[in-house]
Amino acid sequence: MNIRIRTAKKNDIPIILGLLYELGRPKPQTDSEVEVFRNLVKKQISDSRNSILVAENDDVNVVGMLSIIFLPRLNRNDLELYVPEIIVSEKYQKKGIGTKLMEACIDLAKENQCHSIRLESGTFRKEAHQFYKNFGFESNSLSFTLNIR
Ligand SMILES: CC(C)(COP(=O)(O)OP(=O)(O)OC[C@H]1O[C@@H](n2cnc3c(N)ncnc32)[C@H](O)[C@@H]1OP(=O)(O)O)[C@@H](O)C(=O)NCCC(=O)NCCS
């Protein structure tokens, strides 16, 4: 299977939303919520700095995605690349697609002279943790979340 990694386009929005639901992100309950989610993805696709990478297979179907946010830090004059989401559709997992997405992300971090790539991963996602460790990611902090709503 040939996989092509490219930046997302507006007509990828429905499949990107589908991948986010697969990851367990909240599903919209109403049409207006669908529109809000659609606009959030559209905004990131149109953003000149941040981006979404997608993995496309031979049939030109998008089967995975990785989103990218460049973050400034107060004590660094170079950026941190933050990955809020990475997901490969279940049927296509363990075929090297996540690796291709992450390699493209690392290339982007280097091109943008980032000092690091950071992401968070649920404690239960043991396979994903192994995937990150294979790349040399180190787990050296805890993540704390205070839910406001
Ligand atoms: C984690 C994820 C993005 C990896 O993408 P992928 O295309 O499946 O990964 P690859 O095929 O490139 O896997 C490379 C390595 O990752 C590890 N790995 C990935 N998925 C695995 C699984 N389900 N079970 C065991 N190991 C796994 C293996 O170490 C593998 O190395 P190997 O090929 O030497 O065995 C993908 O499996 C996924 O979307 N999982 C569900 C959602 C998720 O957990 N996302 C991350 C949220 S933080």
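The following exercises, with worked solutions, concern the ligand site and the aromatic pairs of a predicted model.

**Exercise 1.** Determine where the ligand sits and which elements supply the shell around the ligand.

*Solution.* Step 1: the ligand is located in the largest pocket. Step 2: the ligand is surrounded by 20 residues, and the closest are Val88, Lys94, Gly96, Gly98 and Thr99. Step 3: at least two residues of the shell come from each of β5 (86–88), α3 (97–111) and α4 (126–135). Step 4: with six residues, α4 gives the most. Step 5: sorted by class, the shell comprises eight nonpolar, seven polar and five charged residues.

**Exercise 2.** Identify polar backbone atoms that approach nitrogen or oxygen atoms of the ligand, and state what share of the ligand the protein buries.

*Solution.* Step 1: for nitrogen, a ligand atom lies 3.1 Å from a polar backbone atom of isoleucine 86. Step 2: for oxygen, a ligand atom lies 3.1 Å from a polar backbone atom of lysine 95. Step 3: a ligand oxygen is also found 3.5 Å from a polar backbone atom of isoleucine 97. Step 4: the ligand taken alone exposes 900 Å², of which the protein buries 72%.

**Exercise 3.** Classify the geometry of the aromatic pair formed by phenylalanine 131 and phenylalanine 135.

*Solution.* Step 1: searching the whole structure yields three aromatic pairs. Step 2: for phenylalanine 131 and phenylalanine 135, the centres are 5.3 Å apart and the planes make an angle of 70°. Step 3: because planes over 60 degrees apart count as edge-to-face, this pair is edge-to-face. Step 4: both residues belong to helix α4, where they are four residues apart, about one turn of the helix.

Key. Residues numbered from 1 in each chain as written. Predicted model: local features only at pLDDT ≥ 70, side-chain atom pairs only at ≥ 80, totals over all residues. Heavy atoms only, no water. Near = heavy atom within 4 Å. Polar contact = N/O pair within 3.5 Å; in protein donor to acceptor, adjacent residues only side chain to side chain. Areas by Shrake-Rupley, 256 points an atom, 1.4 Å probe, with all protein chains shown as cover. 1 Å grid on protein atoms, 1.4 Å probe; cavity = no way out; pocket = protein on both sides within 12 Å on 5 of 7 lines; lining within 4 Å. Sits in = over half its atoms within 2 Å of the grid points. Nonpolar A, V, L, I, M, F, W, Y, C, P; charged D, E, K, R; others polar. Phe/Tyr/Trp six-rings, centres within 6.5 Å; stacked < 30°, edge-to-face > 60°.
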